[in-house]
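Me: I'd like to go through this one label by label. For each term, tell me the value, the cut-off and the verdict.

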Amino acid sequence: MFKTARTHPKMVLINMALDGNDAVKLSAPDMSELQVKVPEYSENNKYSHCKFWGNEMLGTVDCGDMAAKWLSQYMLGKDNGVRLGYHLADIMPRRVADKNLKHCYKTLQDSDLGAYSDLSSFMLMTESSIADLKTRVPPDVSVVPRQFRPNFLVRASVAYEEDKWDWIRIGDTAVFRNVKPCTRCLFTTVDPNTGIKNPHKEPLSTLKRYRKLTDPTKLKVEGSAPAFGINLGLHRKGIIRVGDNVFVGTE
């Protein structure tokens with residue numbers, strides 16, 4: 001069973017950095033830094049399955065006892081209980097998008113799904129949308145972009161105009177398609193600087209007052225979760241840099 005900061009909020013304080021071509025370094029408050037080597041598939045380390053959303057099962061290769069102990073100590077305060085898995089794209093089967101989501105969102109393809117992300121590998125939102133939300137939450141509630149974990153934060157003049165963007169080009173070559181609104185959950189209530197949840201479930205409570213979906217078919221699939229930002233599917237690869245121009249198209 002996969003674990004996230006929804007139930008273990010201090011996970012947002014774990015930092016991961018590349019360490020050469022075949023390893024990463026993990027760090028977290030009051031923990032020593034740990035190097036984790038990318039695991040290899042072998043007879044002694046075959047991939048197993050982890051239960052994801054609902055009954056979805058995803059393949060994972062175990063990253064070893066040291067990583068498991070480090071994460072267990074940080075997340076649970078004991079030497080065991082969680083393990084770290086790695087996705088080997090060349091060996092493990094690709095995820096398949098839920099048929100109900102595909103029915104609601106015609107542009108969503110299986111290739112848009114990330115290995116372990118909630119949905120797609122890319123999410124975009126605008127600074128103006130975040131600025132508008134700040135005017136709506138109670139004055140003592142802090143709202144920062146990292147609460148929503150966008151891959152791309154875009155400067156735009158009108159709040160929520162990203163909802164209407166069908167195609168997005170960032171820089172000279174990278175092209176994305178808007179495949180679905182990004183629906184929000186309790187994860188947004190976790191302060192990314194402290195790892196503590198807001199006791200009043202803000203800013204999620206405010207978002208629910210004005211950003212719920214209105215299409216009855218989509219409401220049946222998505223429930224009461226509000227939308228904030230857009231999920232993207234990659235259609236043409238390219239290099240993206242901070243400060244790149246963003247070009248959008250609508251159909």
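Me: What makes strand S1 and strand S2 a pair?

Reply: Strands here are DSSP runs of E with at least two residues, helices are runs of H or I with at least four, and both are numbered from the N terminus. Two strands pair if DSSP finds at least two bridges between them. S1 (residues 15-18) and S2 (residues 23-27) are joined by 4 bridges and run antiparallel, so they pass by that rule. Met 16 stands opposite Leu 26, and Ala 17 is opposite Lys 25. Mind that this is a predicted model: local features need pLDDT of at least 70, side-chain atom pairs count only at pLDDT 80 or more, and totals for chains, interfaces and linings use all residues. Residues are numbered from 1 along each chain as its sequence is written, and side-chain values use heavy atoms, with hydrogens and water left out.

Me: What sits in the turns of the hairpins around S2?

Reply: The S1-S2 hairpin has 4 residues between its strands, and Gly 20 there takes a positive phi near 80 degrees. S2 and S3 form a hairpin with 6 residues between them, where Asp 30 has a positive phi of about 65 degrees. S2 and S3 (residues 34-37) run antiparallel, joined by 4 bridges. Lys 25 faces Gln 35 in S3.

Me: Why do S4 and S6 count as edge strands?

Reply: The open sheet has 3 strands in the order S4-S5-S6, with antiparallel pairing. S4 (48-51) and S6 (85-86) each have a single partner strand, so one side of each has no neighbour in the sheet. S4 pairs with S5 (residues 57-62) over 4 antiparallel bridges; one of the matches is Ser 48 with Thr 60. As for what holds such strands together, strands of a sheet pair through backbone hydrogen bonds, either parallel or antiparallel.

Me: Ser 72 and Lys 237: how do you know which is buried and which is exposed?

Reply: Buried means under 20% relative accessible area, exposed means over 50%, and partly exposed is in between (1.4 Å probe, protein chains only). Ser 72 has 0%, so it's buried. Lys 237 has 71%, so it's exposed.

Me: And what do those two residues touch?

Reply: Contact means heavy atoms within 4.5 Å. Ser 72, in helix H1 (residues 65-76), touches Gly 77, Lys 78, Asp 79, Asn 80, Gly 81 and Val 82, leaving aside neighbours within four places in sequence. Lys 237 lies in the loop between S11 (227-236) and S12 (246-249). Not counting residues up to four places away in sequence, Lys 237 touches Thr 173 and Ala 174. Lys 237 and Ala 174 are 63 residues apart in sequence, yet their C-alpha atoms are 4.9 Å apart.

Me: How do you know how many disulfides there are?

Reply: A disulfide is a pair of cysteine sulfur atoms within 2.5 Å, and a search of the whole structure finds 0. For Cys 104, the nearest cysteine sulfur is that of Cys 182, 16 Å away. The sulfur of Cys 182 is 8.6 Å from its closest one, in Cys 185, so that's too far for a bond. Cys 104 is buried at 13%, and Cys 182 is buried at 11%.

Me: What makes one aromatic pair tilted and another stacked?

Reply: Rings of Phe, Tyr and Trp (its six-membered ring) pair if their centres lie within 6.5 Å; planes under 30 degrees apart are stacked, over 60 edge-to-face, and the rest tilted. That rule gives 8 aromatic pairs. Phe 2 and Phe 52 have centres 4.4 Å apart and planes at 45 degrees, hence tilted. Phe 122 and Phe 152 have 6.1 Å and 10 degrees, hence stacked. Phe 122 lies in S7 (residues 122-126) and Phe 152 in S8 (residues 152-154), so that pair ties together parts 30 residues apart in sequence.

Me: Which rings have the charged end of an arginine over them?

Reply: The rule wants NZ of Lys or CZ of Arg within 6 Å of the ring centre and within 35 degrees of the ring normal. Arg 149 sits over Phe 187 at 3.9 Å from the centre, and Arg 169 over Phe 247 at 4.2 Å.
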